[in-house]
Amino acid sequence: MTKRKRHVIKHDNVVVFPGAAQMLMREGHMFAENYQYEEAVASFEKAFLYEDGDEGALSAYAYALYELKDYVKAKEICEMLLAMGTTLYVEVMELYITICMQLKEYHQVEAVISALIEENVLPAAQLEKFERLQSLNKEVAKNLQQKEDTQLMIEQQEYELSNFSSLTPNEQSMRLHRLMDTNVRQLKMALKTIIESPSIHPFVQSLALLLLVEQEVSIELKVTKFDQTKTINPIELALPNQLPQYGQVKKIIENKLEQDPSTLEMVQYLMAKHAIVTYPFEWHPFETDDIAYSYIDFVQSMLGKVQEVDYEIIDFLQLLEKLTGLQEV
């Protein structure tokens with residue numbers, strides 16, 4: 001009697017026994033049916049390394065991902081199933097819509113359900129369920145929009161100049177730091193007023209300006225500080241440490257202090273702080289060489305080394321040092 005040959009799968013030079021993928025998929029189904037979603041996902045993902053999943057395995061996998069709140073991955077699997085032309089179309093579509101709602105993709109949900117109803121592709125028994133989903137989606141989207149509108153109104157009031165000016169410079173700084181991970185475009189007019197106000201602390205003006213620069217917001221600003229005025233657009237402005245004079249001063253200092261790394265580190269630290277206060281003017285009208293050597297003299301005097309200095313520039317550097325501490329002048 002001849003022995004029946006069985007197909008052997010290799011994955012990354014590891015021999016996989018025949019039937020291993022099917023066994024893992026069965027395990028995945030079993031785990032999912034028993035609400036053990038982490039184990040179900042692990043089993044399905046191992047199985048899919050060796051064999052493409054059928055619609056039953058993929059739909060169970062998508063549901064387990066949904067239960068684990070991995071909505072992005074679950075949505076991808078649903079889209080894969082829908083593209084395959086699954087016989088579980090209605091079930092997968094319902095899961096897909098629910099996932100989109102979790103992802104706050106309310107416009108997508110409305111477009112999909114409207115298309116399903118208009119194209120009359122839903123069984124009569126399922127039509128009412130999808131109409132309820134459509135109604136729920138509209139209500140949730142409306143409530144979210146109202147909440148966002150209210151939050152925006154509160155934020156705009158917080159950053160209105162009359163309210164903002166009542167805070168200390170340190171409080172103003174903390175208020176602006178709260179905006180670092182948010183979209184500031186809706187607040188650009190309030191930030192413009194803060195930046196252009198001569199009564200606002202120079203360091204705080206710079207922080208507000210940096211928010212617009214980092215998010216590439218296009219708006220014309222007239223900045224006044226240190227007896228200088230300049231019209232700028234944040235979208236065209238480099239960051240403080242990327243401006244021309246900063247690079248020139250930095251190069252001179254690095255060459256001069258190549259053999260004195262501790263002094264170099266202190267000078268670079270002061271430069272970085274001060275460049276924010278002077279932003280976007282740098283150290284004008286002082287010459288680049290004079291600024292570089294004055295920084296070295298400034299740090300060495302702090303270390304107790306007495307020497308001749310350019311008192312006009314040293315006074316300016318002392319002013320910048322005071323302003324970086326958010327002290328009024």
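**Overall architecture and nonpolar cores of the predicted model**

The chain comprises 15 helices and four strands. The model is predicted. Of the 329 residues in the chain, 41% are buried. The exposed surface of the chain amounts to about 19600 Å², and carbon and sulfur atoms account for 51% of that area. Among contacts between residues at least 6 apart in sequence, 58% link residues at least 24 apart.

In soluble globular proteins, nonpolar side chains tend to be buried together. In this model, the largest nonpolar core contains 56 residues. Within this core, the residues with the most contacts are Leu176, Leu191, Ile253, Trp283 and Tyr295. At least two core residues are supplied by each of helix 10 (188-196), helix 11 (202-214), strand 3 (221-225), helix 12, helix 13 (261-278), helix 14 (288-302) and helix 15 (311-324). Helix 11 provides the largest share, with nine residues. A second core, separate from this one, has 38 residues, among them Phe31, Ala32, Ala74 and Met93.

Ile253 is located in helix 12, which spans residues 244-256. The relative accessibility of Ile253 is 0%, and Ile253 therefore counts as buried, the cut-off being under 20%. Apart from neighbours within four places in sequence, Ile253 contacts Leu264, Val267, Met271, Ala292 and Tyr295. The C-alpha atoms of Ile253 and Ile296 are 7.5 Å apart in space, although 43 residues separate the two in sequence.

Trp283 is also listed among the residues with the most contacts inside the largest core. When residues up to four places away in sequence are not counted, Trp283 touches Gln245, Tyr246, Val249, Met271, His274, Ala275, Ile291, Tyr295, Phe316, Leu317 and Leu320. Met271 and Tyr295 appear among the contacts of Ile253 and among those of Trp283.

Helix 13 and helix 15 also meet directly. Their axes come within 9 Å and cross at roughly 80 degrees. The two helices are therefore roughly perpendicular to each other, as angles of 65 to 115 degrees are classed in this way. On the side of helix 13, the contact involves Leu270, Lys273, His274, Val277 and Thr278; on the side of helix 15, the residues are Phe316, Leu317, Leu320, Glu321, Leu323 and Thr324. By residue class, this contact consists of six nonpolar, three polar and two charged residues. His274 of helix 13 and Phe316, Leu317 and Leu320 of helix 15 take part in this contact and are also touched by Trp283.

Notes
Residues are numbered from 1 along each chain as its sequence is written. This is a predicted model: local features need pLDDT of at least 70, side-chain atom pairs count only at pLDDT 80 or more; totals for chains, interfaces and linings use all residues. Side-chain values use heavy atoms; hydrogens and water are left out. Buried means under 20% relative accessible area, exposed over 50%, partly exposed in between (1.4 Å probe, protein chains only). Contact means heavy atoms within 4.5 Å. A nonpolar core is a set of buried Ala, Val, Leu, Ile, Met, Phe, Trp, Tyr and Cys residues joined through side-chain atoms within 4.5 Å. Accessible areas come from the Shrake-Rupley method with a 1.4 Å probe; for residues, only the protein chains shown count as cover. Axes are lines fitted to C-alpha atoms, for helices over the stretch in contact, and angles run from 0 to 180 degrees between N-to-C directions. Angles under 35 degrees count as roughly parallel, over 145 as roughly antiparallel, 65 to 115 as roughly perpendicular and the rest as oblique. Ala, Val, Leu, Ile, Met, Phe, Trp, Tyr, Cys and Pro count as nonpolar, Asp, Glu, Lys and Arg as charged, and the others, Gly among them, as polar.
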